[in-house]
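The following exchange asks how each term applied to this model is justified by its definition.

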Amino acid sequence: MDSAYLIETIIKVVVILLIFSALAGIGTYFERKILAFMQRRLGPMNVGPYGLLQVAADGIKLFTKEDIIPTNVVTPIFKIAPVITAATAFMAAAAIPFLPPFEVFGYEVHPIVADVNIGILYVLGMMAVGFYGPLLGGMASANKFSLLSAARTAAVFISYEVVTGLSLLAPIMMVGSLSLIDFNEYQAGGIGDWIVWSQPVAFILFWISAFAETGRTPFHLIANDHEIIDGFGTEYSGMRWGLFFIGEYANMFFISFVIPLIFLGGYGDGSLFGALGLLGKMSFFFFFFLWTRAAWPDVRPDQLMWLCWKILMPIAVINVVITGFVMMF
Amino acid sequence: MSLEAFNNRNVAEGDYFLVAIEEYPTTGWDKFKRVVKRTFKGELFVGLWVVLREMIRFDIHTVQYPQEKMPIGPRYRAVHQMKRLWESNTERCIGCGLCEKICISDCIRMDTKIDENSRKEVTEYTINLGRCIFCGYCAEVCPELAITHSGEYENASEQREHFIIYEDMLTPIDKMKAGKQLEFEGFGAITPHEDERVKKTPLAY
Ligand code: SF4
Ligand code: SF4
């Protein structure tokens with residue numbers, strides 16, 4: 001392994017870490033603003049112009065708050081749980097191509113940390129490991145509401161991994177590769193080549209399970225404030241709670257990258273236009289996460305399971321079978 | 001606009017109707033049909049459209065409080081004031097003690113003495129605003145229109161003992177001399193058309 005590659009990778013890792021932790025903060029700002037506008041409010045207005053510095057204020061607050069470890073909690077697990085959420089969210093980013101390759105001072109940069117040949121599997125696997133954060137944090141908290149939240153996490157965890165995997169199986173069969181770059185190449189021919197046209201069902205299924213993966217409304221029941229306080233986050237304070245938050249928002253951004261990369265042509269032919277297109281699609285999916293939060297109610301845990309096992313999973317299986325038959329003949 | 005609609009307490013009549021609620025499905029086939037109907041009816045998109053419409057309209061209702069304030073009614077009952085006489089600029093309170101007596105939360109404390117002119121003089125007068133429920137009885141009972149409420153609702157201090165002493169409630173003498181004392185229109189005040197309603201005292205019995 002030559003040192004240029006090593007240095008390049010380290011720089012990429014640092015850049016991704018910095019950009020996405022900042023974006024996670026700014027994501028909370030967008031969320032507050034958009035939710036506020038949809039509810040005819042103004043949202044944060046007082047810190048900085050139009051409340052822009054609210055993110056910095058929250059950051060300072062979270063960093064300087066006392067880190068409380070309550071009695072009766074299982075201390076090591078309680079301490080490690082938020083780190084799992086945040087770390088796995090960023091680890092998932094390693095296999096995502098954020099932009100097409102571009103040249104800086106005659107040196108070609110691939111904006112992907114590692115183009116592993118099991119890209120999608122790795123991304124989804126990492127996001128699934130991220131569920132251990134709420135699960136362990138909730139069980140270690142010595143709090144009934146946290147425990148309930150941990151149980152719900154396990155339910156979502158088991159159910160929606162099935163739907164995610166099965167819905168992606170059909171596009172994977174068509175492309176014949178698990179690398180997200182190969183997915184992008186497959187659709188590089190323009191809008192007509194997008195997988196969403198041949199796999200609309202898989203697209204919708206994956207989109208639905210993306211809400212479960214990130215724990216957003218309407219599948220926000222892991223930390224439903226109006227039922228179980230803050231779920232797994234109830235006993236957390238300060239930066240540990242902040243890590244859960246960063247993990248959640250980073251996950252939202254990454255899954256918003258993954259959906260267009262798989263189904264909507266990604267960055268297309270790799271031109272500047274294609275790169276902007278990918279960012280535009282990403283913004284739409286991120287916006288949609290906030291949009292549904294303003295519009296839709298949450299489902300109950302039993303409805304969630306019902307939806308997964310009785311509706312989405314059969315549809316996903318049928319979709320895979322039909323795709324197989326079509327490819328065979 | 002007539003007040004008819006507001007005065008009519010008989011809610012059983014009028015525009016009320018029962019909402020039609022469909023029967024809950026019992027058989028599996030009916031449940032399945034309901035699921036399919038709900039899936040393809042697009043109700044979720046109605047919700048999405050409503051919030052997006054509000055965002056595009058940008059019809060914001062926020063009142064940015066310290067910079068903007070909502071108008072409050074002239075009869076609003078916030079922190080008390082002690083008024084002065086227009087003729088002589090002296091305090092209206094005659095120390096009769098009625099307000100102390102009527103206060104239902106027992107939060108007015110006062111003390112009086114006979115001064116050198118053999119007039120009753122108020123020496124101590126405090127209202128414990130932490131207990132006051134702002135009912136307005138004290139303003140209502142005061143025979144001199146001395147104690148009234150005001151529209152002042154912003155108070156802050158690091159000591160609750162600061163709320164509230166006589167000197168803080170009393171109209172400042174310079175404001176009084178400038179003729180800027182405002183009469184309170186709410187509890188205890190004389191209604192505007194009182195002159196027409198005055199009748200002769202019936203002395204016949
Ligand atoms: S407003 Fe009511 S509670 Fe407050 S001081 Fe007057 S009589 Fe007492
Ligand atoms: S009722 Fe009026 S006049 Fe009598 S003591 Fe109270 S404030 Fe003074």
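**Contacts between two chains**

In this predicted model, 14 residues of chain B are in contact with 16 residues of chain A, where contact means heavy atoms within 4.5 Å. Local features need pLDDT of at least 70 and side-chain atom pairs count only at pLDDT 80 or more, whereas totals for chains, interfaces and linings use all residues. Residues are numbered from 1 along each chain as its sequence is written, chains are lettered from A and ligands numbered from 1 in the order in which they are written, and side-chain values use heavy atoms, with hydrogens and water left out.

Q: Why is the pair R40(A) and E54(B) called a salt bridge?
A: A salt bridge is a side-chain nitrogen of Lys or Arg within 4 Å of a carboxyl oxygen of Asp or Glu; the side chains of R40(A) and E54(B) meet at 2.9 Å, N to O, and therefore satisfy the rule. Across the interface of chain B and chain A, the rule finds one salt bridge.

Q: What makes up the side of chain B that touches chain A, by class?
A: That side has eight nonpolar, four polar and two charged residues, with Ala, Val, Leu, Ile, Met, Phe, Trp, Tyr, Cys and Pro counted as nonpolar, Asp, Glu, Lys and Arg as charged, and the others, Gly among them, as polar.

Q: How do the residues of the shell around ligand 2 divide?
A: They divide into ten nonpolar, two polar and no charged; among the residues surrounding ligand 2 are G95(B) and G97(B), which count as polar because Gly is placed in that class.

Notes: A residue is near a molecule or strand if one of its heavy atoms lies within 4 Å of it.
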